[in-house]
Amino acid sequence: MQAFLLFFIAPMILGFWAQHRVKSTFAKNLEVPVANGMTGAQVARRILDANGLNAVPVEETPGTLSDHYDPRSRSVHLSPHVYQGVSVASTAVSAHEVGHAIQHEQAYAFFRFRSAMFPAVQFASNIWMLFLLGGIFLNILGFIWIAIALYAVAVLFQFVTLPVEFDASRRANRQLQDMGLVASNEAGGVKATLNAAAWTYVAAALAAVAVLLYYLSMLSNR
């Protein structure tokens with residue numbers, strides 16, 4: 001029971017807290033207008049152009065908090081609230097996604113490593129559970145070891161994601177400050193929005209490690 005609480009309940013609580021924090025912080029700062037009057041799309045375009053990334057498009061994508069940078073098409077995708085929004089939150093999120101575009105252009109090491117890992121992680125995430133269930137029901141220890149090894153690849157990906165996300169936020173803050181896109185009284189809201197989002201990645205990484213340790217402990221007990 002203690003192992004269950006340690007490996008599942010604690011990360012689950014942390015994950016719920018992180019999700020609640022990012023949603024509440026985003027919603028709060030979505031209501032705070034920025035003095036420059038620019039939408040998230042305009043902020044993204046301004047930063048991209050200032051960094052010589054004129055060919056990178058900024059597109060609207062459906063959903064809430066669905067913002068992302070697609071390295072395959074080299075395009076920035078912003079949710080409607082961010083794309084059309086004129087707020088501290090839309091400014092922070094759009095600048096963060098542009099941070100990934102700048103990482104791509106400058107060949108940031110962790111960004112390149114994560115991109116190179118993605119096909120392997122996609123494969124491992126789709127198949128590891130089949131090996132685990134097969135090993136348990138067929139009592140084949142080798143299958144369980146393969147499942148854990150595949151899952152470990154996904155865990156590594158979660159940890160490689162952390163420096164990529166934190167660096168993108170750092171770049172976003174610097175670009176916004178250097179280009180004068182946020183006033184001094186808006187900087188705190190930008191930082192709070194970016195920090196709240198970062199906690200979701202920390203929680204996901206810890207949860208992934210917790211699951212990995214659980215299965216390793218289960219295997220050792222066998």
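**Note on the predicted model**

1. From the N terminus on, the elements of this protein follow the order α-α-β-β-β-α-α-α-α-α, which amounts to seven helices and three strands. The reader should keep in mind from the start that this is a predicted model, and that what follows describes that model.

2. As for overall dimensions, the C-alpha atoms fill a box of roughly 65 × 35 × 25 Å when taken along the principal axes. Of the 222 residues in the protein, 44% are buried. Among the contacts with a separation of 6 or more, 71% are accounted for by residues that stand 24 or more positions apart.

3. The surface that the protein exposes comes to about 11,400 Å², and carbon and sulfur atoms supply 63% of it. With regard to charge, there are 14 positive and 12 negative side chains, and the centres of these two sets lie 8 Å apart.

4. A nonpolar patch on the surface deserves a look, and it is formed by Met129, Leu133, Ile136, Phe137, Leu138, Ile140, Phe143 and Ile146, which together have about 710 Å² of accessible area. The elements that give two or more residues to this patch are α5 (109-138) and α6 (141-178), and the largest share, five residues, comes from α5. One of the patch residues, Ile136, lies in helix α5 and counts as partly exposed because its relative accessibility is 35%, a value that falls between the limits of 20% for buried and 50% for exposed.

5. Two residues call for a check of the backbone. Most residues other than glycine have a negative phi. Arg74, which is not a glycine, nevertheless has a positive phi of about 50 degrees, and its place is in the loop between β2 (68-70) and β3 (75-78). Arg74 is partly exposed, as its relative accessible area is 36%. Ala107 likewise has a positive phi, near 55 degrees, and lies in the loop between α4 (88-105) and α5; with a relative accessible area of 37%, Ala107 is partly exposed.

6. Ala196, which has its place in helix α7 (residues 187-221), is buried, its relative accessible area being 0%. Leaving aside neighbours within four places in sequence, Ala196 is in contact with Ala18, Arg21, Val22 and Thr25. The C-alpha atoms of Ala196 and Phe26 are separated by 8.3 Å, although the two residues are 170 residues apart along the chain.

7. His96 is found in helix α4 and counts as buried, because its relative accessibility of 9% is under the 20% limit. When neighbours within four places in sequence are left aside, the residues in contact with His96 are Glu165, Ala168, Ser169, Ala172 and Leu194. Glu165 returns in the next point, since it also takes part in a salt bridge with Arg114.

8. The structure holds six salt bridges, and one of them joins the side chains of Arg114 and Glu165 at 3.3 Å, N to O. This pair links distant parts of the chain, with Arg114 in helix α5 and Glu165 in helix α6, 51 residues apart. Both Arg114 and Glu165 are buried.

9. Another salt bridge connects the side chains of Asp167 and Arg171, at 2.4 Å from N to O. These two residues are four apart in helix α6, which means that about one helical turn separates them. Asp167 counts as buried at 7% relative accessibility, and Arg171 counts as buried at 6%. A network of salt bridges links Asp167, Arg170 and Arg171.

10. A further salt bridge is formed by Arg45 with Asp49, whose closest N and O atoms are 3.1 Å apart. Arg45 and Asp49 are four residues apart in helix α2 (residues 40-50), so they are separated by about one helical turn. Here the side chains belong to partly exposed residues, given that Arg45 has a relative accessibility of 24% and Asp49 a relative accessible area of 34%.

Technical notes:
Residues numbered from 1 in each chain as written. Predicted model: local features only at pLDDT ≥ 70, side-chain atom pairs only at ≥ 80, totals over all residues. Heavy atoms only, no water. Buried < 20%, exposed > 50% of the residue type's maximum accessible area, 1.4 Å probe, protein only. Contact = heavy atoms within 4.5 Å. Areas by Shrake-Rupley, 256 points an atom, 1.4 Å probe, with all protein chains shown as cover. Lys, Arg positive; Asp, Glu negative; His and termini not counted. Charge placed at Lys NZ, Arg CZ, Asp CG, Glu CD. Patch = residues over 30% accessible without salt bridge, like charges linked within 9 Å, V, L, I, M, F, W, Y side chains within 5 Å. Salt bridge = Lys/Arg side-chain N within 4 Å of Asp/Glu carboxyl O.
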